[in-house]
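Me: Please give me a close look at a single part of this model. I want the ring contacts and their setting.

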Amino acid sequence: MHNATEIMIKYRSFIGILCLIAVLKLATPNALSIFIGFFFMMIGMFFRGWSSGYIDKDKELAVDGPYSLTRNPLYFGNL
């Protein structure tokens, strides 16, 4: 018998698509919510751009800039 975690891992792409359909069906956007969402999206894009432009891979451990604020700023920007 499969447990719930194994089932979710196996069907994670399909579950993601179902969640997207549910969100799109239930969403009731207005101008304020679109503006707020756009604002957060731009902050995330700025943080990702700052992070990817700051690091010098394979040279030294990054501990300054965005890497001093969070362990993985690229993932944080995606969030």
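Reply: Contact here means heavy atoms within 4.5 Å. In that sense the buried residues of helix 3 pack against helix 4. The model is predicted: local features need pLDDT of at least 70, side-chain atom pairs need 80 or more, and totals for chains, interfaces and linings use all residues. Residues are numbered from 1 along each chain as its sequence is written, and side-chain values use heavy atoms, without hydrogens or water.

Take helix 3 to begin with. Helices are DSSP runs (H or I, at least four residues), numbered from the N terminus. Helix 3 covers residues 31–54. Its 24 residues reach 34 Å from the first C-alpha to the last. That is close to the 34 Å expected at 1.5 Å a residue (1.5 Å times one less than the number of residues). The buried residues of helix 3 are Gly-44, Phe-47 and Ser-51 (buried: under 20% relative accessible area; exposed: over 50%; partly exposed: in between; 1.4 Å probe, protein chains only). Their packing partner is helix 4.

Now the rings. The structure holds 4 aromatic pairs (ring centres of Phe, Tyr or Trp, with its six-membered ring, within 6.5 Å; planes under 30 degrees apart are stacked, over 60 edge-to-face, the rest tilted). One of them joins Phe-46 and Trp-50. That pair is stacked, 6.2 Å centre to centre, with 20° between the planes. Both rings sit in helix 3, 4 residues apart, so about one helical turn separates Phe-46 from Trp-50. Phe-46 is exposed, at 57% relative accessible area. Trp-50 has 33% relative accessibility, so Trp-50 counts as partly exposed.

A second geometry appears at Phe-47 and Phe-76. Their ring centres are 5.1 Å apart and their planes meet at 65°, so this pair is edge-to-face. The Phe-47 and Phe-76 pair links distant parts of the chain. Phe-47 belongs to helix 3, while Phe-76 belongs to helix 4 (residues 73–78), 29 residues apart. Phe-47 is buried because its relative accessibility is 11%. Phe-76, at 46%, counts as partly exposed.

Put the pairs together. Ring pairs link Phe-46, Phe-47, Trp-50 and Phe-76 into a cluster. Phe-47 thus has two roles in this picture: a ring of that cluster, and one of the buried residues of helix 3.

What lies on the way to helix 4? Asn-72 lies in the loop between helix 3 and helix 4. Asn-72 is partly exposed, with a relative accessible area of 32%. The C-alpha atoms of Asn-72 and Ser-51 are separated by 8.9 Å, with these positions 21 residues apart along the chain as their spacing. Ser-51 is itself one of the buried residues of helix 3.

A brief look at helix 2 gives a reference. Helix 2 has 15 residues and should span 21 Å at 1.5 Å a residue. Its end C-alpha atoms are 21 Å apart, which agrees. The number of buried residues in helix 2 is 0, so helix 2 lies largely in the open. Helix 3, by comparison, buries Gly-44, Phe-47 and Ser-51.

Terms used: Helix = DSSP H or I, 4+ residues; strand = E, 2+ residues; numbered from the N terminus.
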